[in-house]
Amino acid sequence: MKHSDPTPPIREMQILDAAIAAFASYGYRRTSMEDIANGAGMSRSALYLHYKNKEAIFQAIVSGYLSSAAEGIKAAMTGSGSVHGQLHAAFVAKDGPVMAQLFDSPHGAELMDAGFAIGTELFEQFSDRMTQVIAGWISAGVEDQRMRCDGCPPDVMAHTILAALVGQKKEATCYEDYVQRRDCLARMFAAALTQ
């Protein structure tokens, strides 16, 4: 599958869905191509026609997650609403439906580590793009006097916001704890930007 494809074909979506379920059940290391093939209702040899190994499948999952998150964040930042509402919507979009699944899996920490290891370049590109999006949102907010930066460059503030959000994933003990931390973070940054 090419990374530039906006939506993978249905069969590949079935494979990725089966892979997500297998990774959540068994962890990254213990999941085999056989597990993924069985979940997708196909033979292992047929699976190899789509992906060369489970790392390629995992990278496709990470790529799809980041593309969806990027679209959601952009939509939240360009939509209407309060500073807090926009920031909260961006945080929720960044997590997508995968975050609850990761926290609910006994292998969540392993999967997050694997995602960062396998998708390092993808995460770096995503972080750079989202830093620009958030910095642009802050700059526009300062320009129309909805926000203030108090001498902090918008790109530094945007990078700090993203880093703080990523840090909450590592500190949270469960999904509910993470959601509470994420929502608190959105309130804190919104207050800092508007008061």
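Me: Is the crossing of α8 and α9 right-handed or left-handed?

Reply: In this predicted model, α8 and α9 cross in a right-handed manner. The axes of α8, residues 120-143, and α9, residues 154-171, come within 8 Å, with a crossing angle of roughly 125°. That angle makes α8 oblique to α9, because it falls neither over 145 degrees nor in the range 65 to 115.

Me: Which residues of α8 and α9 make the contact?

Reply: From α8, the participants are S127, M130, T131, I134, A135, I138 and S139, and from α9 they are P154, D155, M157, A158, H159, I161 and L162. By class, this contact comprises nine nonpolar, four polar and one charged residues.

Me: How should the loop between α8 and α9 be read, and which residue there has a phi near 65°?

Reply: One may begin with backbone torsions. Q145, in the loop between α8 and α9, has a phi near 65°, a positive value in a residue other than glycine. D150 is found in that loop as well, and its phi is also positive, at about 50°, although D150 is not a glycine.

Me: Are Q145 and D150 buried or exposed?

Reply: Exposure is assigned over 50% relative accessibility, so Q145 counts as exposed at 71%. By that cut-off D150, at 59%, is exposed too.

Me: Where do the axes of α5 and α10 stand with respect to one another?

Reply: Helix α5 (residues 83-95) and helix α10 (residues 175-194) have axes that come within 9 Å and cross at roughly 145°. The crossing of α5 past α10 is right-handed. On the α5 side, V83, H84, L87, H88, F91, V92 and D95 take part. They meet Y178, R182, D183, L185, A186, R187, F189, A190, L193 and T194 of α10. Sorted by class, the residues of this contact are ten nonpolar, three polar and four charged.

Me: What is the general idea behind a nonpolar core, and which residues touch the most other members here?

Reply: In soluble globular proteins, nonpolar side chains tend to be buried together. In this structure the largest nonpolar core has 61 residues, and F23, I57, W137 and I138 touch the most other members. Helix α4, residues 54-78, supplies the largest share of this core, with 13 residues. I138 also belongs to the α8 side of the contact with α9.

Me: Which residues does I57 touch, leaving aside those up to four places away in sequence?

Reply: With those neighbours left out, I57 touches I15, L16, A19, F23, M33, I36, L47 and Y51. F23 in this list is also among the core residues that touch the most other members.

Methods. Residues are numbered from 1 along each chain as its sequence is written. This is a predicted model: local features need pLDDT of at least 70, side-chain atom pairs count only at pLDDT 80 or more; totals for chains, interfaces and linings use all residues. Side-chain values use heavy atoms; hydrogens and water are left out. Axes are lines fitted to C-alpha atoms, for helices over the stretch in contact, and angles run from 0 to 180 degrees between N-to-C directions. Helices (H or I, at least four residues) and strands (E, at least two) are DSSP runs, numbered from the N terminus. Angles under 35 degrees count as roughly parallel, over 145 as roughly antiparallel, 65 to 115 as roughly perpendicular and the rest as oblique. A crossing is left-handed if the near helix is turned anticlockwise from the far one by less than a right angle, and right-handed if clockwise. Contact means heavy atoms within 4.5 Å. Ala, Val, Leu, Ile, Met, Phe, Trp, Tyr, Cys and Pro count as nonpolar, Asp, Glu, Lys and Arg as charged, and the others, Gly among them, as polar. A nonpolar core is a set of buried Ala, Val, Leu, Ile, Met, Phe, Trp, Tyr and Cys residues joined through side-chain atoms within 4.5 Å. Buried means under 20% relative accessible area, exposed over 50%, partly exposed in between (1.4 Å probe, protein chains only).
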